Amino acid sequence: MNTTEAAEAVALRSVVDVLAAADHVTVLCHTRPDADTIGSGLAIAGALRSRGTVVEVSFPGPTRLPSALAALPGADLLIEPEDVVGYPVVVAVDCASIHRLDTLAGVLESATESIVVDHHASNAGFGTVNLVDPGADCTAELALAIIDALDVPLDVGVATCLYAGVVTDTGSFKWAQPKSHRIAARLLELGVDGRTWTRHLLDTHRFAWLSMVSAALESAVLVSEAFDGRGLVYAVVDHGSTRELGWEESESVVDIVRTTAEAEVAVVFKEASPGDWTVSMRAKSEVDLVPIARTHGGGGHRLACGYSASGSADEVVGQLLRSV
Ligand SMILES: [Mn+2]
């Protein structure tokens, strides 16, 4: 065990000690929730519920939950942000910073014990107890470690929630470490329907998604000289093309854009509401995106980052181009 592993073992022990002693726990997922935050949150909450703990799970609105996530086992534990009680022990899952809790940040700040469980490299550790492991492919991996350390046997419902985090955060195992394959094997052997959940979570879109993708790809620009000639490709998804679809439907665009052979870095600008943008950045292997994302007030992983911006499409694109 090296120093990092030893520190993580201590952090895991601290998290489990706090959770095991609590009879009420609030679990918070990040804004614009993905399968890793909701899956990890519901898995931890489901495991705690099975040991008799009173739990509530929420994420900051006003966005509705993508239907695949709302169908995860244990989603009945999810409550509206305005209904959150805020128990003395609060767990934030998959949140790189407190800003990811948006309107629910105060719930974490008011807690006696605030537990941060996350795998983002940019996470500075904003809880009283922090289990932050950038070496984990997904937060679900850390949620599983917590559940195992609590000695709660996995049921297929909790296993399905964990699988949702693993399969999505590894891009269907495209960049999964061996340990994620081992975790997936364990979850599938417990009875998780991997084929169905992968289809629901990653391979299902409404018909209008095809036109949105078409418009986004039409907008793509290749900046060959960027990043010392390694290349940047970007595309714009404006509000008009996603209005009828829901914000989560634009999440997959970057996965198409980043296949561009001539570009090390891919960026997609997504207009969530008129003039309000979320920016997704992906690098193939060489460029560390975290410093660039931080310049714009965001964060993430070395090869996958994001931030928010406001202005016209030309303005937000210009802001990024000037910073790289
Ligand atoms: Mn994650």
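Here, helices (H or I, at least four residues) and strands (E, at least two) are DSSP runs, numbered from the N terminus. Axes are lines fitted to C-alpha atoms, for helices over the stretch in contact, and angles run from 0 to 180 degrees between N-to-C directions. The model is predicted: local features need pLDDT of at least 70, side-chain atom pairs count only at pLDDT 80 or more, and totals for chains, interfaces and linings use all residues. Residue numbers start from 1 along each chain as its sequence is written, and side-chain values use heavy atoms, leaving out hydrogens and water.

**View 1. Helix α2 packs against helix α6.** Look for α2 at residues 35-50 and α6 at residues 156-169, with axes 8 Å apart and an angle of about 155 degrees. The two helices are therefore roughly antiparallel (an angle over 145 degrees). On the α2 side, the contact (heavy atoms within 4.5 Å) includes Gly-39, Leu-42 and Gly-46; on the α6 side, Cys-161, Leu-162 and Gly-165 are among the residues taking part.

**View 2. Five strands form an open sheet.** Following the order β2-β1-β3-β4-β5, you will find parallel pairing (strands pair if DSSP finds at least two bridges between them). At the edges are β2 (54-58) and β5 (129-132), each pairing on one side only. From one strand to the next, the twist averages 15 degrees.

**View 3. Strand β4 meets β5.** Here β4 (residues 113-118) runs parallel to β5, joined by four bridges. Opposite Ile-115 you can spot Val-129 of β5.

**View 4. Helix α5 lies across three strands.** Residues 139-149 make up this helix, which crosses β3 (89-93), β4 and β5 and runs at about 125 degrees to β4.

How values were computed:
Parallel < 35°, antiparallel > 145°, perpendicular 65-115°, else oblique.
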